[in-house]
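Trainee: Please take one residue of this model and go through its surroundings closely, from the strand it sits in to the sheet around it.

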Amino acid sequence: MSEPRVASQTAFLTLPRAAEYLGISPNTLYVWRHRRQGPPSFRMGRRVMYRITVLDEWVRDQERADSRSNRALDPLNRKPQQRSKAVK
């Protein structure tokens with residue numbers, strides 16, 4: 001019978017496991033990290049690690065920033081803007 005996981009083992013994911021968790025390729029996550037995009041990460045020794053709670057928060061932030069997920073940002077829900085009068 002396997003032993004129960006310790007909380008510290010499940011609190012962090014390596015880059016490949018974080019990519020799997022997010023449903024993207026490890027290469028995409030690596031490129032995002034290199035460009036300082038994507039979810040926050042840190043080094044633990046030689047390994048790049050991601051905190052699961054931060055990954056979840058990052059995904060929620062992406063949803064809020066996307067007009068398809070956040071109706072308040074949908075341009076079709078905004079009132080039409082009036083053009084300002086040209087100054088002569």
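Mentor: A residue is called buried when its relative accessible area is under 20%, and exposed when that value is over 50%. The model is a predicted one, and the residue chosen here is threonine 14, which lies in strand β1, residues 12-14. Threonine 14 counts as buried because its relative accessibility is 18%. With neighbours within four places in sequence left aside, the contacts of threonine 14 are Arg47, Val48, Met49 and Tyr50.

Strand β3 covers residues 47-51. The sheet is open and has three strands in the order β1-β3-β2, with antiparallel pairing. β1 and β2 (42-44) are the edge strands; each has a single partner strand, so one side of each has no neighbour in the sheet. On average, neighbouring strands of this sheet are turned by 50 degrees against each other, direction ignored.

On the other side of the order, β2 pairs with β3 in the antiparallel sense over three bridges. Phenylalanine 42 stands opposite methionine 49 in β3, and Met49 is also one of the contacts of threonine 14. Helix α2, residues 15-22, packs on the sheet and touches β1 and β3. The direction of α2 makes about 105 degrees with that of β1.

As for confidence, the mean pLDDT of the protein is 83, and 78% of its residues reach 70 or more. Over residues 1-8 pLDDT stays under 50, and the model has one contact beyond four places in sequence for them. Where pLDDT is low, predicted coordinates should not be read in detail.

Note on methods
Residues numbered from 1 in each chain as written. Predicted model: local features only at pLDDT ≥ 70, side-chain atom pairs only at ≥ 80, totals over all residues. Heavy atoms only, no water. Helix = DSSP H or I, 4+ residues; strand = E, 2+ residues; numbered from the N terminus. Buried < 20%, exposed > 50% of the residue type's maximum accessible area, 1.4 Å probe, protein only. Contact = heavy atoms within 4.5 Å. Pairing = 2+ DSSP bridges. Axes fitted to C-alpha atoms, helices over the stretch in contact; angles between N-to-C directions. pLDDT = per-residue confidence, 0-100.
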